[in-house]
Amino acid sequence: MPQSEIIIQERYLAGNPIRISLSPRLDQSAQYRIYEAGNLTKPIFSGIGYQPDEFNWVEVNISSLFSQLRSEAGVKRYYIALVNASNMEYGGTYFDVYGGGISKLLYRQLNTESIFSTKLKNTNENFFLTTRTNGNQICIPENELGWLFYYAKGHKLYVKVDGVTLATYDHSANITDSLTWLYLPTLRMKAVTDLNKWVSEFEIHSDNGYACSILITESKQKSDYALMFRNSWGAWESISIEGEIEFTPKFDEKPKIAEFDLSILDFVKKPQRKELSSIYTAELGYKTDDERLFLLDMLQSDQVYFQVSGVNYAAGVSSSTSAFVNTKAEPTSINVTIELLDSDTNYSPIMEEANFNLLANNNGEEISTSTEADILIQ
């Protein structure tokens, strides 16, 4: 049977609709099976779709099958085949599902264009898995440097500094796609070693010419605090906390329990240990319009870590700031509330070698403020 029995794209994003069209049988239905590419003996799903109008294709949305891939960058290959009345498969074809997704606004804007041809596989543009910008100038503060992820297959890129090629990454012969990255601190040190330059701009080129630039911007101050999160592509990014941080512990008191007192031969009420939640209010510092919009992705993320001197603590983050961007062209600082996911009924002083101190003093009467690396994480 021809491949046209199934109309399917080569690639999909797990966070967006995954629609396929199947050729119906005489009863206006289409039975199908989906396998992981590495195991074609046990299907992960068997389904059947119906089309009430004769001779029309059966439309099926299989997005829910890949929801587990939504939050993490990466790519997995699958195989789909139709099944006839004799339980025999035919018309099978492979397709890839990538982690992450794009907004409905961008999805509508692209219309029939694919995000793969316009961005992720477009060697003439910014193909990196960052939500800082889709433009060809990626600005990253120097205290937020880390990994820039991308999907490798088909890419051959050159990292250039002042016209000189600093590094080459050739994935043009890759058979399958995979997630890879540039690590910017390493590139910066390579420029120092090879070119004797402290570089703040890297140009990314392909065989077709210029693709985009990575601009490292100056940070106003060194910070030991950051928020690390998975962005909408499922890739890790970070946002430095440059302003003040306040620690406000919250206590949830449990109901008192009854305990028998032998001295009076009666029940008395006894308190239980309180549960402590660690809550921080942080001023992120003054950000550009693009940087403030970038914060929206962090606030949407389901995987955020409060990073203190390189140690990560799972957290939930919210913001009461009403305006992230305005037409006043005035500098704006964004405040966020950080609540650690762990709550506790025990207290333990941090070991001295960890070099952390409590923000609140020992008797809990005063809330201190800090811009140094002295937060105690409970």
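**Pocket, cavities and salt bridges in the predicted model**

By class, the residues that line the largest pocket comprise 14 polar, 7 nonpolar and 6 charged ones. The structure described here is a predicted model. In this model, the largest pocket has a volume of about 800 Å³. Its lining is made up of 27 residues, and those closest to the pocket centre are Ser103, Thr131, Ser232, Asp297 and Gln300. Two elements, helix 1 (104-110) and helix 4 (289-300), each give two or more residues to this lining. Helix 4 provides the largest share, with 6 residues.

Helix 4 turns up again inside the protein. The structure holds 2 cavities of 30 Å³ or more, and the largest cavity has a volume of about 50 Å³. Around the largest cavity sit Arg132, Pro141, Glu144, Ile239, Lys287, Glu291, Phe294 and Leu295. Here, too, the largest share of the lining comes from helix 4, this time with 3 residues. The lining of the largest cavity divides into 4 nonpolar and 4 charged residues, with no polar ones. Two of these lining residues, Arg132 and Glu144, are also linked with Glu237 in a network of salt bridges.

The second largest cavity has a volume of about 40 Å³. Its lining consists of Glu10, Arg11, Arg77, Asp96, Tyr98, Lys153 and Asp177. By class, that makes 6 charged residues and 1 nonpolar residue, with no polar ones.

What holds for pairs of opposite charge? Side chains of opposite charge can pair when their charged atoms come close. Across the whole structure, 12 salt bridges are found. One of the pairs brings together two residues from the lining of the second largest cavity, Arg77 and Asp96: arginine 77 forms a salt bridge with aspartate 96, with the closest N and O atoms 2.8 Å apart. Arginine 77 lies in strand 7 and aspartate 96 in strand 8 (residues 89-98), so this salt bridge ties together parts that are 19 residues apart in sequence. The partners sit in unlike surroundings: arginine 77 is partly exposed, at 36% relative accessible area, whereas aspartate 96 is buried, at 8%.

A further salt bridge joins the side chains of lysine 197 and aspartate 162 (2.8 Å, N to O). Lysine 197 belongs to the loop between helix 3 (184-195) and strand 14 (201-206), and aspartate 162 to the loop between strand 11 (156-161) and strand 12 (164-170), so the pair ties together parts that are 35 residues apart in sequence. Lysine 197 is partly exposed, with 35% relative accessibility, while aspartate 162 is exposed, with a relative accessible area of 65%.

Glutamate 72 and arginine 230 also form a salt bridge, their closest N and O atoms being 3.9 Å apart. This pair links distant parts of the chain, 158 residues apart: glutamate 72 is in the loop between strand 6 (58-61) and strand 7 (75-83), and arginine 230 is in strand 16 (residues 225-230). Glutamate 72 is partly exposed, with a relative accessible area of 48%, but arginine 230 is buried, with 12%.

The surface also carries a nonpolar patch, formed by Phe260, Leu262, Leu265 and Phe267, which together have about 490 Å² of accessible area. Within this patch, phenylalanine 260 lies in strand 20 (residues 257-261). Phenylalanine 260 has a relative accessible area of 40% and is therefore partly exposed, and patches are made of residues with over 30% relative accessible area.

Methods
Residues numbered from 1 in each chain as written. Predicted model: local features only at pLDDT ≥ 70, side-chain atom pairs only at ≥ 80, totals over all residues. Heavy atoms only, no water. 1 Å grid on protein atoms, 1.4 Å probe; cavity = no way out; pocket = protein on both sides within 12 Å on 5 of 7 lines; lining within 4 Å. Points joined across faces, edges and corners; volume = space filled by probe spheres on them. Helix = DSSP H or I, 4+ residues; strand = E, 2+ residues; numbered from the N terminus. Nonpolar A, V, L, I, M, F, W, Y, C, P; charged D, E, K, R; others polar. Patch = residues over 30% accessible without salt bridge, like charges linked within 9 Å, V, L, I, M, F, W, Y side chains within 5 Å. Areas by Shrake-Rupley, 256 points an atom, 1.4 Å probe, with all protein chains shown as cover. Salt bridge = Lys/Arg side-chain N within 4 Å of Asp/Glu carboxyl O. Buried < 20%, exposed > 50% of the residue type's maximum accessible area, 1.4 Å probe, protein only.
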